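I opened this model to see how its helices pack and where a few side chains end up. The entries below are in the order in which I looked things up.

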Amino acid sequence: MRLLFMLPFATIIIAKILNWVIGFNDSTNELINQSMFIFIGICYIIYGFALDQMKYKVTLIVCGLFLISMNFLPKNNYMIGLGVMSIVIPLLIGKFLILKKPSNSVPNQ
């Protein structure tokens, strides 16, 4: 299962680096960017199903669905702004969920 997520991630990173070095044409670069956003959206959807609290679950699933669907909709400034928010909001949720977890350590006596 881990390989299933690491293989597309590694492929996209290698393609982005090769784009800097080789300089692919615009259609190939657009395909790399679309695959990157679709992969991020799929990861957000899967992570959303793993959460317990409904408000975080719905937020992550909506952000993931928007990242996937924005590749097939016409681009304008509002779509780009919503896309940036769809990437940042799940990251903030993940950060705050980590901070809220209680510590299981034994206090010093």
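My notes go from the whole chain to the helix pairs and then to two single residues.

**Entry 1: the chain as a whole**

I note at the outset that this is a predicted model. I looked up the secondary structure and found four helices and zero strands. Read along the sequence, I get the pattern α-α-α-α. I then checked burial: of the 109 residues in the chain, 26% are buried. For the accessible surface I have about 8,300 Å², and carbon and sulfur atoms hold 72% of that. I also looked at contact range. Among contacts with a separation of 6 or more, 49% are between residues 24 or more positions apart.

**Entry 2: α1 against α2**

How far apart are the axes of α1 and α2, and at what angle do they pack? I have helix α1 at residues 2-22, and its axis lies 10 Å from that of α2, with an angle of about 150 degrees. Angles over 145 degrees count as roughly antiparallel, so I put α1 and α2 down as roughly antiparallel to each other. The crossing of α1 with α2 is left-handed.

I listed the residues that make this contact. From α1 they are Phe5, Pro8, Phe9, Ile12, Ala15, Lys16 and Asn19. From α2 they are Asn29, Ile32, Asn33, Ser35, Met36, Phe39, Cys43 and Ile46. Sorted by class, I have 10 nonpolar, four polar and one charged in the contact of α1 with α2.

**Entry 3: α2 against α3**

I moved on to helix α2 (residues 26-50) and helix α3 (residues 54-69). Their axes come within 7 Å and cross at roughly 160 degrees. That angle makes α2 roughly antiparallel to α3. I record the crossing of α2 and α3 as left-handed.

Which residues make the contact of α2 with α3? On α2 I find Phe37, Ile38, Ile40, Gly41, Ile42, Tyr44, Ile45, Tyr47, Gly48 and Phe49. On α3 I find Lys57, Leu60, Ile61, Gly64, Leu65, Leu67 and Ile68. The classes for this contact of α2 with α3 are 13 nonpolar, three polar and one charged.

**Entry 4: Cys63**

I picked Cys63, which sits in helix α3. Is Cys63 buried or exposed? Its relative accessible area is 7%. The cut-off for buried is under 20%, so I enter Cys63 as buried. Setting aside residues up to four places away in sequence, I see Cys63 touch Ser86, Ile89 and Pro90. I also took the C-alpha to C-alpha distance from Cys63 to Ile42, which is 9.9 Å for a sequence gap of 21 residues.

**Entry 5: Leu97**

My last residue was Leu97, in helix α4 (residues 77-100). Leu97 has a relative accessible area of 18%, and I enter it as buried. What does Leu97 contact beyond its neighbours within four places in sequence? I find Tyr47, Leu51 and Tyr56. Tyr47 also appears in my list for α2 against α3. Leu97 and Tyr56 are 41 residues apart along the chain, and I have their C-alpha atoms separated by 9.5 Å.

Conventions. Residues are numbered from 1 along each chain as its sequence is written. This is a predicted model: local features need pLDDT of at least 70, side-chain atom pairs count only at pLDDT 80 or more; totals for chains, interfaces and linings use all residues. Side-chain values use heavy atoms; hydrogens and water are left out. Axes are lines fitted to C-alpha atoms, for helices over the stretch in contact, and angles run from 0 to 180 degrees between N-to-C directions. Helices (H or I, at least four residues) and strands (E, at least two) are DSSP runs, numbered from the N terminus. Angles under 35 degrees count as roughly parallel, over 145 as roughly antiparallel, 65 to 115 as roughly perpendicular and the rest as oblique. A crossing is left-handed if the near helix is turned anticlockwise from the far one by less than a right angle, and right-handed if clockwise. Contact means heavy atoms within 4.5 Å. Ala, Val, Leu, Ile, Met, Phe, Trp, Tyr, Cys and Pro count as nonpolar, Asp, Glu, Lys and Arg as charged, and the others, Gly among them, as polar. Buried means under 20% relative accessible area, exposed over 50%, partly exposed in between (1.4 Å probe, protein chains only). Accessible areas come from the Shrake-Rupley method with a 1.4 Å probe; for residues, only the protein chains shown count as cover.
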